[in-house]
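Student: Could we go through this structure together, one element at a time, with the reasoning behind each answer?

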Amino acid sequence: MTLLPEWHPQWGVLLAWPDAATDWRHMLPQADHTYTALGKAILDHEQLLVICRDPAHEAHVRERLHAAGARTQGLQCLHAPFNDTWARDFGPLVVERDGATLALDFIFNGWGNKFPSQDDNALTAQLPLRIDRKVLDMVLEGGSVESNGEGLLLTTEQCLLNPNRNPDMDRLAVERALADTLGAENVLWLRDGDLEGDDTDAHIDTLARFCDPQTVAYVQCTDSNDSHYPALQAMEQQLQALAERHRLSLVPLPMATAQYDADGQRLPATYANFLIINGAVLVPTYECATDEAALAALRGVFPERRVIGIPCRPLIEQHGSLHCVTMQLPEGVL
């Protein structure tokens, strides 16, 4: 059993498109702009499955993508109710077992019952899968785990050991479950690291990411005046120890220029929230001075893929970013 890494060949990507029934209703034009750019970039390289509310919503999505010049013959739409649009956390996790793929359907409880999630939790069961689906009695979000495809699983204590997820499971029980369900031979735990404005209890995909089996890109904070400095410095030291033990290479990504909402609250802008797709890497950008340095760092990591910046400033207003709203679907899944 192996959780397929993100760079495994993909059929395409799953999105749930914002509409007026979601928390995006007060900023739909801005959200549409980001989702259109994201959808077009995906369709330039592979297929796209979009969850839509109803036929009128689908028509809106198709019109937006067509007007942007997207390759809409690669677009599929599914009508279903949904609470919000964070497909990373309610979408299926696909594993390979004995040469066949299996879609795992974990429980999504709105990041520890913080937000309504009943409709989102039911979405994986409605996807037009070509592979078997296994329902699991465990809370787990896709953004909380990172696989190198060779038995290493990177995660955070703050999320997976949080009593708002699986209160009856201690660290050993969680490790056993990750071994049984995702093929984790070694669970690499980060004790520190968190972003202000993040609702997920420190999802690993906001902090540190596998780029290939031996390379981890991570958020580095070098400004001692930044509120994140102590925790991210501690995280960096933990990553260095893990890298030495498991022969990993580390690639620092800049801490994004501080972003704030209208009330002055810090928003979780992170370049670690990139998405690997067939032939490309889609990187969130925030219209700030650190964007180009982040893109350059990732170009060095992915020399054989196009590294494409996607304007994601609207996404962090809802406390997530590019990777959070997407879920890759490996070849053969649909």
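**Helix 2 and its surroundings**

Tutor: In this predicted model, the buried residues of helix 2 are His 57, Glu 58, Val 61 and Leu 65. Because they cover an arc of only 100° around the axis, they lie on the same side of helix 2.

Student: Which residues are exposed on the other side of helix 2?

Tutor: Exposed here requires a relative accessible area over 50%. On the side of helix 2 opposite the buried residues, that description applies to Pro 55, Ala 56, Glu 63, His 66 and Ala 67.

Student: Against which elements do the buried residues of helix 2 pack?

Tutor: Packing is judged here by contact, that is, by heavy atoms within 4.5 Å. By that criterion, the partners of the buried residues of helix 2 are helix 1 (28–43), strand 3 (47–52) and strand 4 (75–79).

Student: How far apart are the end C-alpha atoms of helix 2?

Tutor: Helix 2 comprises 13 residues, 55–67, and at 1.5 Å a residue it should therefore span 18 Å. The separation of its end C-alpha atoms agrees with that expectation, at 18 Å.

Student: At the start of helix 2, which backbone nitrogen does a side-chain oxygen of Asp 54 reach?

Tutor: The side-chain oxygen of Asp 54 comes to within 3.2 Å of its partner, and a polar contact requires a pair of N or O atoms within 3.5 Å. The backbone nitrogen in question belongs to Ala 56.

Student: Is Gln 238, in helix 8 (residues 229–246), buried or exposed?

Tutor: Buried means under 20% relative accessible area. Since the relative accessibility of Gln 238 is 10%, this residue counts as buried.

Key: Residues are numbered from 1 along each chain as its sequence is written. This is a predicted model: local features need pLDDT of at least 70, side-chain atom pairs count only at pLDDT 80 or more; totals for chains, interfaces and linings use all residues. Side-chain values use heavy atoms; hydrogens and water are left out. Helices (H or I, at least four residues) and strands (E, at least two) are DSSP runs, numbered from the N terminus. The expected span of a helix is 1.5 Å times one less than its number of residues. Buried means under 20% relative accessible area, exposed over 50%, partly exposed in between (1.4 Å probe, protein chains only). The arc is that of the directions from the helix axis to the C-beta atoms. A polar contact is a pair of N or O atoms within 3.5 Å; within protein, one must be able to donate a hydrogen and the other to accept it, and residues adjacent in sequence count only if both atoms are side-chain atoms.
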